[in-house]
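Me: Hey, can you help me get to know this one? I'd like to begin with a term I keep tripping over.

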Amino acid sequence: NYCITNHSDIRNLNDCKRYVEEYIQHCKDKELSSRTIHNYAYAIKSIYHANSIEDLGIEKVHRYRKDIKRCREAENNKLRQNERYQDVIKFLKATGCRRIEAMRLTKDHFREREDGNLEILKDGKGGIKRWCLVVPDKANFVREYVKNKETCTVAGQERLFKRKDIPKDLPVHDCRAYYASDLYHYFEEKGYATGSIYYCRKDL
């Protein structure tokens, strides 16, 4: 799309190859995150079956935790302050669901474990399905929420959420960080800690 918009000489995908370096610089000029540019660069590498991104004239993209901007100010977002979405936010923090995963949920996506904990079946990226632990001290809230939630019919399924329940303008990605943090503490308290250092984005 970038090449078609900016270069009239483009006729096919191979014609775009000469503008790869220019396109990556365009992404940097737009101040896209280093992680996004990294993903774009390696997608282009795959398209052209290159041995490395450097073969396409792309410099190695360094990613740092401090450069991640997504949902940094989520708690201050106006919709996050709206009482209407508080239970949804609490649900997402308890389950760690991405927006798309939450939109696919039905009441059958939950099961009780033998140890008394609750699990949720996530239908995630790439069609990967997996059972995940609901944060134990928030499990009762999730049980009641699912039990009382009015469903809606989508693609022949009784889904838990409508689009308006988790609107696109409502930042929710940071809820996964709260979920991960709560589980770290839970497993630590249960004695699962190994003493090994976890390197956060290679800079902590």
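Reply: Sure, start with the salt bridge: a side-chain nitrogen of Lys or Arg within 4 Å of a carboxyl oxygen of Asp or Glu. Keep in mind that this is a predicted model, where local features need pLDDT of at least 70 and side-chain atom pairs count only at pLDDT 80 or more, while totals for chains, interfaces and linings use all residues. Residues are numbered from 1 along each chain as its sequence is written, and side-chain values use heavy atoms, with hydrogens and water left out.

Me: OK, how many salt bridges does that rule give?

Reply: The count comes to 13. One of them joins the side chains of Asp165 and Lys149, at 3.3 Å from N to O. Asp165 sits in the loop between strand S5 (157-159) and H9, and Lys149 in the loop between H8 and strand S4 (152-154), so the pair ties together parts 16 residues apart in sequence. Those labels count helices (H or I, at least four residues) and strands (E, at least two) as DSSP runs, numbered from the N terminus.

Me: Is Asp165 buried or exposed?

Reply: Buried, since its relative accessibility is 16%. Buried means under 20% relative accessible area, exposed means over 50%, and partly exposed is in between (1.4 Å probe, protein chains only). Lys149 is buried too, at 17%.

Me: And which residues are joined into one network by salt bridges that share partners?

Reply: Arg111, Arg113, Asp115 and Glu119. In the Arg113 and Glu119 salt bridge, the closest N and O atoms are 3.4 Å apart. Arg113 is partly exposed at 30%, whereas Glu119 is buried at 10%.

Me: Where is Glu119, then?

Reply: In strand S2. Its side chain also makes a polar contact of 2.7 Å with the side chain of Arg111. For that, a pair of N or O atoms must be within 3.5 Å; within protein, one must be able to donate a hydrogen and the other to accept it, and residues adjacent in sequence count only if both atoms are side-chain atoms.

Me: Switching topic: what order do the strands of the open sheet have?

Reply: The 3 strands go S1-S2-S3, with antiparallel pairing. S1 (110-112) and S3 (129-133) stand at the edges with a single partner strand each, so one side of each has no neighbour in the sheet. On average, neighbouring strands are turned by 30° against each other, direction ignored. Angles like that come from axes, which are lines fitted to C-alpha atoms (for helices over the stretch in contact), and run from 0 to 180 degrees between N-to-C directions.

Me: How many bridges are there between S1 and S2?

Reply: 3, with S2 covering residues 118-123. Two strands pair if DSSP finds at least two bridges between them. Between S2 and S3 there are 5 bridges. Ile120 of S2 is the bridge partner of Phe110, and Cys132 in S3 is the bridge partner of Ile120.

Me: What about the turns?

Reply: S1 and S2 form a hairpin with 5 residues between them, and Gly116 in the turn has a positive phi of about 95°. The hairpin of S2 and S3 also has 5 residues between the strands, with Gly126 at a positive phi near 70°.

Me: How many residues of S2 are buried?

Reply: 6 of its 6. Leu118, Ile120 and Lys122 point one way, and Glu119, Leu121 and Asp123 the other.

Me: Back to Cys132: how far is its sulfur from the closest cysteine sulfur?

Reply: 7.9 Å, to Cys97, which is too far for a bond. A disulfide needs two cysteine sulfur atoms within 2.5 Å, and the whole structure has 0 of them.

Me: Last one: how many residues of helix H6 are buried?

Reply: 7 of its 10 residues (86-95), so H6 is largely enclosed by the rest of the structure. Among the buried ones are Val88, Ile89 and Phe91. H6's buried residues pack against helix H5 (78-81), helix H7 (99-103), S1, S2, helix H8 (139-148) and H9, where contact means heavy atoms within 4.5 Å. Just after H6, Gly96 has a positive phi of about 70°.
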